[in-house]
Amino acid sequence: MNLVIALLSTRTFITAERIRETVSGYADSPSDEAFSRMFERDKNELRDLGIPLETGRVSSLDPTEGYKINREAYALAPVELTADEAAAVAMAAQLWESPEMVTVTQGALLKLRAAGVDVDVPEAGVAITTTTSLPGLRGSEVVLGTLLAAIDSGQAVQFKHRASRSEPYTDRTVEPWGVVTHRGRWYLVGHDRTRDATRTFRLSRIDAEIRAIGPRDAVHRPDGVDLRQIVHQAVADLPPSAQAKVWVADGRGTALRRQAAIVTTRALAGRGGDEIALDIGRQDRLAREIAGYGADAVVLEPESLREDVMTRLRAQAGGGDQS
């Protein structure tokens with residue numbers, strides 16, 4: 001940032017030596033070689049960010065190479081995106097979270113936000129995520145890629161799915177209508193031929209052995225179908241009155257204890273602690289909070305909350321099972 005300010009504030013080219021003397025951070029370089037490495041790195045970073053760094057002679061009398069930022073090229077025209085366009089950017093950022101693409105996507109988002117573009121579009125139901133998102137909640141990229149390809153080609157898909165981690169997989173044949181995000185998770189919505197009904201499937205519970213079947217252009221989403229509304233109804237939060245029972249180790253979980261009532265004192269796996277009861281409210285928020293305590297907080301019930309916490313813990317631990 002200091003280098004950008006210095007190069008923007010000059011109308012003429014300034015030499016590397018002058019930059020070393022005047023720009024904060026460079027004067028501390030222990031040697032000419034260390035300064036050269038630092039300066040080259042910073043120049044490359046500015047260019048990667050799209051900043052128009054130019055080189056040229058300091059003056060007609062001084063042939064020494066100097067640097068400046070082209071003010072006209074640096075100033076961007078206002079960037080305006082429609083709600084649909086911003087939603088598309090947000091969706092792309094969520095899809096491109098692989099290690100190969102994450103640097104590119106995060107750089108693109110940084111540039112858009114710096115230009116004042118709001119790429120988080122609540123009304124579109126899509127929010128930008130970052131690399132800190134838990135892959136266990138999103139599901140396999142293989143599954144997602146296959147589904148998106150099938151939706152684009154209008155084909156049905158076959159896969160194995162399980163309603164929860166404790167249940168076995170069952171075979172499903174589905175006419176896919178779309179993939180929707182809801183509170184950090186991905187869901188497939190479509191017509192389940194096996195059940196002859198509209199169904200919603202969490203991608204993290206679909207086995208990776210998924211394939212498209214049948215002729216192309218045979219599957220079409222019915223007119224007037226609201227995919228987000230279907231997902232919302234299928235995975236609506238538990239009612240405010242619902243409660244969870246959680247075991248908390250002695251001396252731990254202070255924030256949880258403040259919002260809960262102690263049911264009984266009990267040991268778990270040889271550790272002393274208390275069983276507490278607290279309102280669930282938004283399950284995803286509570287699951288995130290409980291998961292933050294690791295082994296010091298264990299969900300006893302309901303099973304859906306326990307599954308949610310376990311999925312987050314496995315994802316944080318880098319486990320291979322992302323279902």
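Student: Why is arginine 271 called partly exposed?

Tutor: Buried means under 20% relative accessible area and exposed means over 50%, with partly exposed in between (1.4 Å probe, protein chains only). Arginine 271 has a relative accessibility of 33%, so it falls in the middle class. The model is a predicted one, in which local features need pLDDT of at least 70 and side-chain atom pairs count only at pLDDT 80 or more, while totals for chains, interfaces and linings use all residues. Residues are numbered from 1 along each chain as its sequence is written, and side-chain values use heavy atoms, with hydrogens and water left out.

Student: What makes the contact of arginine 271 and aspartate 296 a salt bridge?

Tutor: A salt bridge requires a side-chain nitrogen of Lys or Arg within 4 Å of a carboxyl oxygen of Asp or Glu. For arginine 271 and aspartate 296 the N to O distance is 2.8 Å, so the pair qualifies. Helices (H or I, at least four residues) and strands (E, at least two) are DSSP runs, numbered from the N terminus. Arginine 271 lies in strand β11, whereas aspartate 296 lies in the loop between α11 (283-291) and β12 (297-301), so their contact ties together parts that are 25 residues apart in sequence. Aspartate 296 has a relative accessible area of 18%, and therefore counts as buried. Arg252 joins Arg271 and Asp296 in a network of salt bridges.

Student: How do you know that aspartate 274 and arginine 257 form a salt bridge, and which elements does the pair tie together?

Tutor: Their side chains meet at 2.7 Å, N to O, which satisfies the criterion. Because aspartate 274 sits in strand β11 (residues 271-279) and arginine 257 in helix α10 (residues 254-258), the contact ties together parts 17 residues apart in sequence. Aspartate 274, at 10% relative accessibility, is buried, whereas arginine 257, at 22%, is partly exposed.

Student: Is aspartate 42 buried or exposed, and how does arginine 41 count?

Tutor: Aspartate 42 has a relative accessible area of 16%, so it is classed as buried, whereas arginine 41, at 49%, counts as partly exposed. Their side chains also meet in a salt bridge, at 3.1 Å from N to O. By this rule the count comes to 14 salt bridges.

Student: How many aromatic pairs does the structure hold, and why is the pair of phenylalanine 35 and phenylalanine 39 called stacked?

Tutor: Rings of Phe, Tyr and Trp (its six-membered ring) pair if their centres lie within 6.5 Å, and planes under 30 degrees apart count as stacked, over 60 as edge-to-face and the rest as tilted. The structure holds 5 such pairs. In the pair of phenylalanine 35 and phenylalanine 39 the centres are 5.6 Å apart and the planes at 10 degrees, so the arrangement is stacked. Phenylalanine 35 and phenylalanine 39 are 4 residues apart in helix α3 (residues 32-48), which means a separation of about one helical turn. Phenylalanine 35 is buried at 6% relative accessible area, as is phenylalanine 39 at 4%.

Student: What makes the pair of phenylalanine 159 and phenylalanine 201 edge-to-face?

Tutor: The ring centres of phenylalanine 159 and phenylalanine 201 are 5.4 Å apart and the planes stand at 80 degrees, so the pair is edge-to-face. The pair links distant parts of the chain, with phenylalanine 159 in strand β4 (residues 156-161) and phenylalanine 201 in strand β7 (residues 197-202), 42 residues apart. Phenylalanine 159 is buried, with a relative accessible area of 3%, and phenylalanine 201 is buried at 1%.
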